[in-house]
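Thank you all for coming; I would like to take a few minutes to walk through a structure that will be new to most of you. Please have a look at it first, and then I will go through it piece by piece.

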Amino acid sequence: PLPGAEAGIADGFELDGEGRLKGWEQLAQHIRGVFGRMGFSDQETVALICGGHVYGRCHTESSGYAGAWVENPTRFSNE
């Protein structure tokens, strides 16, 4: 199961029938648009987003889930 389905989600967030946040279909297009305006390629965008998630954490107000994205957020890995 996805994090939202596992831990519950904050008020105001809705899940589709497969446990994903509603509206997920537009995320790739939105991300490509935002980072593309800054001159980033898809590969550079993925590197930035993934690197940020390895060292960062998820905040409830942004996604409905709170906690680290990986088991050891202070060590870079391919988790």
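**A surface patch and what lies around it**

Let me begin at the surface, where Met-38, Phe-40 and Leu-48 form a nonpolar patch, with about 280 Å² of accessible area together. Please keep in mind throughout that what you see is a predicted model.

Before I stay with that patch, a word on the chain as a whole. The protein chain has four helices and two strands, and if you follow the elements from the N terminus on, they run α-α-α-β-α-β. Of the 79 residues in the protein chain, 14% are buried, and the chain exposes about 6,100 Å², of which carbon and sulfur atoms supply 55%. If we take the contacts between residues at least 6 apart in sequence, 21% of them join residues at least 24 apart.

Now back to Phe-40, a member of the patch I started with. Phe-40 sits in the loop between helix H2, which covers 27–37, and helix H3, which covers 42–55. Is Phe-40 buried or exposed? The careful reply is that Phe-40 is partly exposed, because its relative accessible area is 32%, and that value falls between the limits of 20% for buried and 50% for exposed.

Phe-40 also brings us to the aromatic residues, since a search of the whole structure finds one aromatic pair. That pair is Phe-35 with Phe-40: the ring centres are 5.9 Å apart and the planes stand at 70°, so the arrangement is edge-to-face. As for Phe-35, its relative accessible area is 19%, and so this residue is buried, the cut-off being under 20%.

Which residues does Thr-45 touch, if we do not count those up to four places away in sequence? They are Ile-31, Phe-35 and Phe-40, so both members of the aromatic pair appear among the contacts of this residue. Thr-45 itself lies in helix H3, and because its relative accessibility is 7%, Thr-45 counts as buried.

Let me turn from the rings to the charged side chains, where the count comes to two salt bridges. In one of them, the side chains of Lys-22 and Glu-14 meet at 3.3 Å, taken from N to O, and Lys-22, at 52% relative accessibility, counts as exposed.

In the other salt bridge, the side chains of Asp-42 and Arg-32 meet at 2.6 Å, again from N to O. Asp-42 belongs to helix H3 and Arg-32 to helix H2, so this pair ties together parts that are 10 residues apart in sequence. How accessible are the two partners? Asp-42 counts as partly exposed at 43% relative accessibility, whereas Arg-32 counts as exposed at 51%.

One further distance involves Arg-32: this residue and Val-46 are 14 residues apart in sequence, and their C-alpha atoms are 9.9 Å apart in space.

To draw the pieces together, I would ask you to look once more at helix H2, helix H3 and the loop between them, where Phe-40 has its place. Phe-40 pairs edge-to-face with Phe-35, Thr-45 touches both of these residues, and a salt bridge joins the side chains of Asp-42 and Arg-32. With that, I am happy to go back to any part of the picture.

How values were computed:
Residues numbered from 1 in each chain as written. Predicted model: local features only at pLDDT ≥ 70, side-chain atom pairs only at ≥ 80, totals over all residues. Heavy atoms only, no water. Buried < 20%, exposed > 50% of the residue type's maximum accessible area, 1.4 Å probe, protein only. Contact = heavy atoms within 4.5 Å. Areas by Shrake-Rupley, 256 points an atom, 1.4 Å probe, with all protein chains shown as cover. Patch = residues over 30% accessible without salt bridge, like charges linked within 9 Å, V, L, I, M, F, W, Y side chains within 5 Å. Salt bridge = Lys/Arg side-chain N within 4 Å of Asp/Glu carboxyl O. Phe/Tyr/Trp six-rings, centres within 6.5 Å; stacked < 30°, edge-to-face > 60°.
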